[in-house]
Amino acid sequence: MDLKEKNKYKIEFKKALDLFTEKLEKYVSTENGDWSVKGFIDVYKNIYTISSDTKIVSKILEIHIFPQILQFAEENEYNIILTEHQNYYPDLTFIHKKNQDVKFAVDLKTTYRKKSGVSSFTLGSHGSYFKERDKKKNIQFPYNQYLAHFCLGVIYTRTDWAQDASETEIYQVQDLQEEYETPNQKVGEREVTTVNNLKSIASVIKDFDFFVAEKWKIASDKQGSGNTANIGATLSIDDLRNENGIFSQLGEEWFDEYWVNHGSATMVKRW
């Protein structure tokens, strides 16, 4: 496959993803912008709210939008391969049904708004598979087999009332009850609150903003998480939307060169 054909597939895939993300906001939101997920329900019709812990929200959001991702792949003639292991890259591998050489890496990333932009998030490792691009260590396919590496991002606002797991609640909804049922007053030692309908339960997050960007275009020059070998992303919402990271004007080659050599000290040898 020549460069022109590769670019054609990449442009078409990015355009399709952009159109797809425009639909996701309505899919996950109520009419006033709240998350349509209120919690999870047991067989006794008790609804347990979730906390705004980022790991919990991230995982449930992924589950929430996954049926839409499957539909997107089918409509655009792609198969999806999920990572075989939790720490593998990427979250999703898209392979064109008519051309197996057309592969795209898509990572799902969620982050919440802060006064200065968004909370930090990572764009994958700059370790083994990033440096040795013809090998399969911790990656579904060798890095250089992917035509492009995309981030499907979700930005949201956390509601003030839910900060940790200790503040979660248990509800029963009258709309879900049969006429003869009597609402439970307690589950174990915890009180159960009865409300009229599901919309009466506050959502832990709201005001979604979905975006798609090539990883290198939104990368920063700093690691994204402590001591781990992860590439950090720009923290500006506008720069995320517009693919305007520090390397965006320099080019992908500069991004690769910087992060392949990140943390490696070099010295000029004097003769």
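**Figure 1. Strand β8 and strand β13 pair in the antiparallel sense.** In this predicted model, 8 bridges link β8 to β13, the latter covering residues 205-214. One place to find this pairing is Cys151, whose bridge partner in β13 is Ala213. β8 also pairs with strand β5 (residues 103-114). Here the two strands run parallel and are joined by 9 bridges. Val106 and Phe150 of β8 are bridge partners. Strand β8 itself spans residues 148-158 and is mostly covered. Of its 11 residues, 9 are buried.

**Figure 2. An open sheet is formed by 4 strands.** The order of the strands is β1-β2-β9-β12, and their pairing is mixed. At the edges are β1 (40-41) and β12 (193-195), each of which pairs on one side only. Strand β9 (residues 170-173) runs parallel to β12, and 3 bridges join them. In this part of the sheet, Val173 stands opposite Val195 of β12.

**Figure 3. Phe247 and Phe255 form an edge-to-face aromatic pair.** A pair of aromatic rings is described by the distance of the centres and the angle of the planes. For Phe247 and Phe255, the centres are 5.7 Å apart and the planes make an angle of 75 degrees. The pair counts as edge-to-face because that class requires planes over 60 degrees apart. Phe247 has a relative accessibility of 5% and counts as buried. Phe255 is buried as well, with a relative accessible area of 1%. Both residues count as buried because the cut-off is under 20% relative accessible area. Phe247 and Phe255 belong to one aromatic cluster, together with Tyr89, Tyr129, Phe130, Tyr143, Tyr258 and Trp259. The structure holds 23 aromatic pairs.

**Figure 4. Arg133 meets Asp256 in a salt bridge and sits over the ring of Phe130.** The salt bridge joins the side chains of Arg133 and Asp256, with a distance of 3.0 Å from N to O. Arg133 lies in the loop between α3 (128-131) and β8, while Asp256 lies in helix α6 (residues 252-260), so the pair ties together parts that are 123 residues apart in sequence. Both Arg133 and Asp256 are buried. The charged end of Arg133 sits over the ring of Phe130, 4.3 Å from the ring centre. A second contact of this kind involves Lys136 and Phe141. The charged end of Lys136 is 5.7 Å from the centre of the Phe141 ring.

**Figure 5. Salt bridges occur within helix α1 and within helix α2.** The structure holds 14 salt bridges. One of them joins the side chains of Lys8 and Glu12, at 3.3 Å from N to O. These two residues are 4 apart in helix α1 (residues 3-28), so about one helical turn separates them. Lys8 is partly exposed at 44% relative accessibility. Glu12 is also partly exposed, with a relative accessible area of 44%. In helix α2 (residues 54-75), Lys59 and Glu62 are 3 residues apart, about one turn of the helix. The closest N and O atoms of Lys59 and Glu62 are 3.3 Å apart. Lys59 has a relative accessible area of 47% and is partly exposed. Salt bridges also link Lys10, Glu214 and Lys217 in a network.

**Figure 6. A cis peptide bond joins Tyr89 and Pro90.** Omega of this bond is about -10 degrees. Pro90 is placed in the loop between β3 (78-82) and β4 (92-96). Tyr89 is also one of the members of the aromatic cluster shown in Figure 3.

**Figure 7. Lys45 and Glu77 have positive phi values.** Phi of Lys45 is near 70 degrees, a positive value in a residue other than glycine. Lys45 is found in the loop between β1 and β2 (47-48). With a relative accessible area of 22%, Lys45 is partly exposed. For Glu77, also a residue other than glycine, phi is near 65 degrees. The loop between α2 and β3 holds Glu77. Glu77 is partly exposed, its relative accessible area being 34%.

Conventions:
Residues numbered from 1 in each chain as written. Predicted model: local features only at pLDDT ≥ 70, side-chain atom pairs only at ≥ 80, totals over all residues. Heavy atoms only, no water. Pairing = 2+ DSSP bridges. Phe/Tyr/Trp six-rings, centres within 6.5 Å; stacked < 30°, edge-to-face > 60°. Buried < 20%, exposed > 50% of the residue type's maximum accessible area, 1.4 Å probe, protein only. Lys NZ or Arg CZ within 6 Å of the ring centre and 35° of its normal. Salt bridge = Lys/Arg side-chain N within 4 Å of Asp/Glu carboxyl O.
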